Amino acid sequence: MSVLTRDEAQTRAQILDVERYTIALDLTTGEETFDSRTAIRFTARAAGDTFVEVKPATLRSISLDGQPLDPALLDGNRYPLTALAAGPHELHIDAAMRYSRTGEGMHRFTDPTDGETYVYTQLFMEDVQRVFAAFDQPDLKSVFTIDVTAPEGWTVLGNGVAGHAGEGRWTIAATPLVSTYLVAVAAGPWHSVTTEHAGLPFGIHCRRSLAPYLDADADEILDITRALYDRYHEKFDEPYPFDSYDQAFVPEFNAGAMENPGLVTFRDEFVYRSAVTDTERQTRAMVIAHEMAHMWFGDLVTLTWWDDIWLNESFAEYMGYQTLTEVTLPRALNSVSAGQSPFPDTWVDFGVARKGWGYDADQRPSTHPVAPDPDAVPDTASALLNFDGISYAKGASALRQLVAWLGEKDFLAGINTHFARHKFANATLADFIDNLASATDRDVHAWAEQWLRTIGVDTLTAEIAAPEPAEPAPNGNGQSWALAVTRDGSRPHRITVGTYDHALGAQSGPGHLALRDRFELDVPGDGTHTIRPGRRPALVVLNDGDLTYAKVRLDTASWDTVLTSLSGIPDALTRAVVWNTARDMVRDAELPPATYLAAARTHLPHETDLALVQGVLSFAAGQVVDRYTVPEGLPAARATLTGLCRDLIRRTEDGSRPGLRLIAVRHFIDAATQPDTLRTWLDEGTVHGGPELDPELRWRILTRLAVLGATDEAAIATALAADPSATGREGAARCRAALPTAEAKAAAWDALFTDDTLSNYLFTATAQGFWQPGQEELTDGYVARFYPDAIALAARRGPAIAEAAGRYAFPAYAVDPMSLGTGTRALEDPDLIPALRRKLVDQLDDLRRALAVRSAVALAD
């Protein structure tokens with residue numbers, strides 16, 4: 001299969017105008033394929049040659065302007081259109097297309113709970129070619145009309161309002177001009193909750209077996225959707241550009257969600273079968289906000305080529321988090337009263353859960369600018385690699401810094417100019433910057449060069465000293481202190497500095513601190529060295545408020561205060577900045593992993609923000625204990641982690657903080673080194689003092705028991721019989737792969753790398769179970785096997801499974817030089833496809849970093 005190059009796309013865009021696609025899909029032809037008939041009306045501006053893309057199981061016929069063409073001329077995914085005359089044309093393609101089991105193209109899923117089948121499209125990048133023939137590039141926008149024939153009893157959803165003509169025939173209203181990758185269809189016996197808002201039909205949909213869970217949250221989801229819709233209309237001058245707003249929660253979805261205009265698709269884990277925390281509900285709300293922002297930025301105005309993917313994702317990421325803090329709801333939600341924002345602290349979650357993703361990606365060999373040079377994205381295969389922490393988290397952080405520097409009023413004015421100038425068309429980075437510049441006197445072009453065209457993370461370091469004797473003390477109070485901020489990097493930063501003193505009469509937790517002052521600095525700039533009145537504060541925090549994208553280093557005295565008083569910092573966002581500082585220091589081998597764990601043990605029992613608790617515990621467990629701690633330190637590290645979880649469980653026995661208790665119980669299960677307590681909980685169906693075990697907790701416990709060798713296949717089969725759902729099947733696959741026997745590991749490996757029938761989700765679950773810390777004697781022999789097996793698998797099954805193999809099946813817990821050497825040599829394999837190569841480069845760099853952290857610990861000892 002050929003990937004589309006940027007040069008080819010530019011040439012084709014100069015030749016063609018595409019007016020309309022008329023598509024007929026027949027979903028009644030069997031379980032393996034569906035029929036796809038496409039008519040494309042287009043105009044050639046001049047005589048010449050071009051091609052159309054399609055990836056059929058069988059290309060039955062193709063004709064141009066009524067004249068049949070030879071189907072045998074299809075070359076991979078391209079059909080040549082040679083000697084086109086200038087003027088209008090109509091191309092007809094009739095093909096059988098394969099259903100996908102990997103979330104690419106038209107994914108087909110049969111629910112094991114009730115046997116019902118669902119299909120939906122994910123057409124991003126090149127996957128539209130798996131569903132219908134197309135001139136597949138984002139700047140050849142067109143009108144799309146789709147007819148669908150589906151089994152009786154199914155409902156069909158699409159980008160526009162779908163009308164049912166009887167006998168399984170559905171017609172989806174024609175779209176305005178949109179890009180090929182944004183076309184969407186979802187069909188099946190959906191359970192739907194519908195309403196109307198602002199004169200438009202709104203709906204939420206899921207498979208029938210999840211109906212009770214969607215109904216339980218329907219008011220919350222729809223209230224948030226309506227509130228976001230109204231808030232975006234206050235921000236944006238252009239009205240919502242489509243005729244309806246449906247949100248479908250679909251099975252085995254590879255991404256978090258996809259911004260198909262009028263039909264957003266979400267992974268259906270967002271329909272909660274089990275208990276979740278308020279932070280997880282906030283995450284769902286943020287994803288809703290993110291995808292709705294795309295209706296304007298991405299769908300109404302679309303990138304011209306994939307080098308500008310950050311324009312879509314960074315904007316939606318920033319706008320999603322920011323707008324969610326601003327909305328209010330008409331009725332109470334959880335403990336929030338009507339008329340208040342239900343999620344006022346979304347930036348805390350961004351700081352602790354998303355920003356580290358950007359920092360990590362930006363320090364790897366695979367880093368790239370937020371806005372890469374077009375030549376760095378020469379084709380679609382390379383473009384696919386840029387859907388990472390840089391295009392999302394770093395780009396959103398850059399936009400947040402831009403708003404701090406520019407002011408929100410001018411920022412939104414520039415955005416609205418951008419929409420007005422390019423609606424239903426395409427735009428580039430240059431267009432975006434020009435439109436922002438039109439709304440301000442500031443030099444936005446220089447800002448873009450410094451922020452969007454550069455790589456790496458700046459580091460801002462605070463140095464505190466007494467002022468020079470010749471400098472008078474401000475305000476004549478006899479005391480002052482001097483702050484100097486040094487920058488390792490190249491970008492300008494507008495930051496807030498927070499200063500804190502020990503409070504008299506500590507309130508909750510050790511070392512309560514009180515805010516003395518916050519002031520702004522430009523770094524570099526006149527304020528980089530500043531004299532402040534009063535005695536030296538106990539704590540000075542750079543980037544207080546987290547408005548810029550940079551690593552922070554505290555002065556020595558401030559760090560001493562942090563170790564004793566971190567949980568006493570009054571603002572959660574400030575605590576997030578400090579916890580991220582500690583995280584970065586561990587990763588950079590500047591802070592011993594044991595010190596991070598000790599700080600978590602001291603301060604998390606007093607933490608009030610659930611996103612911080614979850615973020616710190618996840619890093620502590622997944623990185624500090626499992627990867628950064630030297631083997632001889634593991635017993636103490638695991639004891640600290642389980643002790644911390646017990647502390648949190650004890651502190652929540654009164655039932656006042658169910659979300660914190662749920663987080664603590666989950667992490668206690670995952671960290672347990674002995675099976676007794678877990679067995680008791682599983683046998684009794686409850687954690688003592690709550691919560692009762694729901695499906696998620698049951699499978700989590702059973703997985704940990706499998707790792708510890710404290711369960712067997714019979715128990716797993718019994719659990720699966722009790723929960724035969726899709727998530728039950730995934731839980732069973734995870735448990736079976738985690739069993740500490742040679743037979744279990746061999747069977748799991750065969751399922752992953754030999755049997756190509758596993759769906760994307762069952763592949764992931766099996767891979768997650770396979771590699772377990774403490775099972776090295778069983779798995780060491782598979783480390784070297786991983787590379788050739790994964791390379792062959794990726795070549796056979798494509799980018800989605802390649803990405804899953806690189807992320808979940810990689811031997812992450814084999815932290816040793818031999819594993820690093822084996823992996824580094826594997827990068828030389830010429831058969832390595834780009835998606836897997838990128839994952840391996842990142843994983844091996846993380847492995848190199850883990851070895852450096854361990855080496856620093858060994859030297860210190």
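Trainee: Is Cys-645 buried or exposed?
Mentor: In this predicted model, Cys-645 is buried, and its relative accessible area comes out at 0%.

Trainee: And what about Cys-735, buried or exposed?
Mentor: Cys-735 is buried as well, with a relative accessible area of 0%.

Trainee: How far is the sulfur of Cys-645 from the closest cysteine sulfur?
Mentor: The closest cysteine sulfur belongs to Cys-735 and lies 20 Å from that of Cys-645, which is too far for a bond. Seen from the other side, Cys-735 is in no disulfide, its nearest cysteine sulfur being that of Cys-645.

Trainee: How many disulfides turn up in the whole structure, then?
Mentor: A search of the whole structure gives 0 disulfides.

Trainee: Switching to rings, how many aromatic pairs does the structure hold?
Mentor: There are 51 aromatic pairs in the structure. One of them joins Phe-202 and Tyr-229, whose ring centres are 5.5 Å apart and whose planes meet at 75°, so the pair is edge-to-face.

Trainee: Where do Phe-202 and Tyr-229 lie?
Mentor: Phe-202 is in strand E16 (residues 200-206) while Tyr-229 is in helix H2 (residues 211-235), so that the pair links distant parts of the chain, 27 residues apart. Both Phe-202 and Tyr-229 are buried.

Trainee: What is the geometry of the rings of Phe-315 and Phe-419?
Mentor: Their centres are 6.4 Å apart and their planes stand at 85°, so Phe-315 and Phe-419 also form an edge-to-face pair. Because Phe-315 lies in helix H4 (residues 309-326) and Phe-419 in helix H8 (residues 408-422), the pair ties together parts that are 104 residues apart in sequence. Phe-315 counts as buried at 2% relative accessibility, and Phe-419 is buried with a relative accessible area of 0%.

Trainee: Which ring does the charged end of Arg-12 sit over?
Mentor: The charged end of Arg-12 sits over the ring of Phe-51, at 4.5 Å from its centre. Elsewhere, the charged end of Lys-745 is placed over the ring of Phe-770, 5.0 Å from the centre of that ring.

Trainee: Staying with charges, how far from Glu-259 is the nearest side chain of opposite charge?
Mentor: That side chain is Lys-141, 11 Å away, and Glu-259 has no salt bridge although it is buried.

Trainee: Where does Glu-259 lie, then, and what is Glu-259 in contact with?
Mentor: Glu-259 is in the loop between strand E18 (257-258) and strand E19 (263-267). Leaving aside neighbours within four places in sequence, Glu-259 is in contact with several residues, among them Tyr-181, Leu-182, Glu-291, His-294 and Asp-299.

Key
Residues are numbered from 1 along each chain as its sequence is written. This is a predicted model: local features need pLDDT of at least 70, side-chain atom pairs count only at pLDDT 80 or more; totals for chains, interfaces and linings use all residues. Side-chain values use heavy atoms; hydrogens and water are left out. Helices (H or I, at least four residues) and strands (E, at least two) are DSSP runs, numbered from the N terminus. Buried means under 20% relative accessible area, exposed over 50%, partly exposed in between (1.4 Å probe, protein chains only). Lys and Arg count as positive and Asp and Glu as negative; His and the chain ends are not counted. A salt bridge is a side-chain nitrogen of Lys or Arg within 4 Å of a carboxyl oxygen of Asp or Glu. Contact means heavy atoms within 4.5 Å. A disulfide is a pair of cysteine sulfur atoms within 2.5 Å. Rings of Phe, Tyr and Trp (its six-membered ring) pair if their centres lie within 6.5 Å; planes under 30 degrees apart count as stacked, over 60 as edge-to-face and the rest as tilted. A charge sits over a ring if NZ of Lys or CZ of Arg is within 6 Å of the ring centre and within 35 degrees of the ring normal.
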